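Student: Could you take me through the packing around one helix of this predicted model in detail, and then carry the same close look outward to the core, the enclosed spaces and the less usual backbone spots?

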Amino acid sequence: MNTPLVPLNRHAIVSQLLPFSCVDGPGSRLVLFLQGCNYQCKNCHNPHTIGLCDACGDCIATCPDKALTLISTNNKHQIHWDKDRCSQCDTCLTVCPKQANPKVTQYTVEEILAILHHQRHFINGITVSGGEASLQLPFIIALFQAIKASKPLSHLTCMLDTNGSLSLTGWHKLLPFLDGAMVDLKAWQQDTHRYITGRDNHAVFKSIQLLAQQQKLYEVRLLHIPSITDYEDEIEALATYLLLLSPNMRVKLNAFHHHGVVDDALNWPSCKQADIERLAAALTKRGVTNLVLPSIYL
């Protein structure tokens, strides 16, 4: 059977590339943050990663470094970002009406493979995050497939950081090339989840269940927002659910802070160490022991 060719020219819209990270999966990892998200989380710490730039041009005049210009090719408009002139003042992010980022880069699978070849002796794998990375699923599949097919890169693990909204059909396309996923469970009850994200969490539970069954669920992440999230109110149901998932799965407790958030979330209480420790103790009491707590509280 012939191995299908990997489309190395397939590209993704990337808001940031981190050559090294120790907090986005196991070991040291290269991390791609893809632009665009299908949630409208009130608590988002990076709201500029939600929208996709439509080249409206509102940001151009506000750039103090003149690093943004509007270009047209074949009747298509786009914002060109001059990295060399940019001072990273982020003025463009604050004025964008779509919560988008003009400071993005398009990378092809081939270009990411070249970076990985250069880094391969110093990292354990790659994590694709967002925004919501699964919105650019064809790129992720092509990239992970190419990594698995490359002898010099085949030791690298391929991880996805996701809000869990990907359909089961999408997961089945990705699973053959995926080593593990970190999934955000943003709330237990539907009403709470809709209030925080604008979407329900039916797909999230389905994604978590499938990943656990396939032994690809590396971590479930719970962002604790005192008086907003419902983990403590639903502690019995939450603990029972977590215990029925993969025994090796980690449960990471994250503490809400105000950095980067806008609008309503600025008035929400920040999560203190005592809040996290109380939640951790409640989960531990009910048998959930593979907990990861924050190392820093803002």
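**One helix and its surroundings**

Tutor: The buried residues of α7 make their packing contacts with four elements, namely α6 (202-213), β9 (217-224), β10 (250-255) and α8 (273-285). Everything said here refers to a predicted model. Within α7 itself, which spans residues 235-243, the buried positions are I235, L238, A239, Y241 and L242. Viewed along the axis of α7, these buried residues fall within an arc of 160°, and they therefore line one face of the helix. The general background is that an α-helix has 3.6 residues a turn, so residues three or four places apart point the same way.

The loop between α7 and β10 holds L245, which counts as buried because its relative accessible area is 8%, under the 20% limit. Once neighbours within four places in sequence are set aside, L245 is in contact with I208, Q209, A212 and L217. The C-alpha atoms of L245 and P102, by contrast, are 40 Å apart, with the two positions 143 residues apart in sequence.

L242, already met on α7 as a buried residue, is also among the residues with the most contacts inside the largest nonpolar core, together with L32, I126, L143, F144, I147 and L283. That core has 76 residues, and its largest share, nine residues, comes from helix α3 (residues 137-149). A separate core of ten residues lies apart from it and includes L68, I79, W81 and C86. To take one well-connected member of the largest core, L32 touches V14, Q16, L17, I112, I126, T127, V128, S129, F139 and L143, leaving aside its neighbours within four places in sequence.

The loop between β6 (125-129) and α3 deserves a look of its own, and S134 is found there. S134 counts as buried because its relative accessibility is 8%, and, beyond its neighbours within four places in sequence, S134 is in contact with I140, T162 and L166. G131 lies in the loop between β6 and α3 as well, and a cis peptide bond, with omega about 15°, joins G130 and G131.

Turning to the enclosed spaces, there are two cavities of 30 Å³ or more. The largest has a volume of about 110 Å³, and of its 15 lining residues C53, D54, C56, C59 and C96 lie nearest the centre. Its lining divides into eleven nonpolar residues, one polar and three charged. The second largest cavity, with a volume of about 80 Å³, is lined by 13 residues, of which C63, C86, C89, C92 and K103 are the closest to its centre. Seven nonpolar, three polar and three charged residues make up the lining of this second largest cavity.

Among the open spaces, the second largest pocket has a volume of about 410 Å³. It is lined by 17 residues, and C53, Q78, I79, V104 and Q106 lie nearest its centre. The elements giving two or more residues to this lining are β4 (76-81) and β5 (105-108), with β4 contributing the most, five residues. By type, the lining of the second largest pocket comprises eight nonpolar, seven polar and two charged residues.

The loop between β2 (29-34) and β3 (68-73) closes this tour, beginning with G51, which has its place there. At 9% relative accessibility G51 counts as buried, and, apart from neighbours within four places in sequence, G51 is in contact with Q35, G36, K98, Q99, A100 and N101. The C-alpha atoms of G51 and L113, which are 62 residues apart along the chain, are separated by 26 Å. A55 lies in the loop between β2 and β3 too, and although A55 is not a glycine, its phi is positive, at about 60°. K66, again in the loop between β2 and β3, is likewise a residue other than glycine with a positive phi, near 55°. As for their surroundings, A55 counts as buried at 12% relative accessibility, whereas K66 is exposed, with a relative accessible area of 52%.

Terms used: Residues numbered from 1 in each chain as written. Predicted model: local features only at pLDDT ≥ 70, side-chain atom pairs only at ≥ 80, totals over all residues. Heavy atoms only, no water. Core = buried A, V, L, I, M, F, W, Y, C linked by side-chain atoms within 4.5 Å. Buried < 20%, exposed > 50% of the residue type's maximum accessible area, 1.4 Å probe, protein only. Contact = heavy atoms within 4.5 Å. 1 Å grid on protein atoms, 1.4 Å probe; cavity = no way out; pocket = protein on both sides within 12 Å on 5 of 7 lines; lining within 4 Å. Points joined across faces, edges and corners; volume = space filled by probe spheres on them. Nonpolar A, V, L, I, M, F, W, Y, C, P; charged D, E, K, R; others polar. Arc of directions from axis to C-beta.
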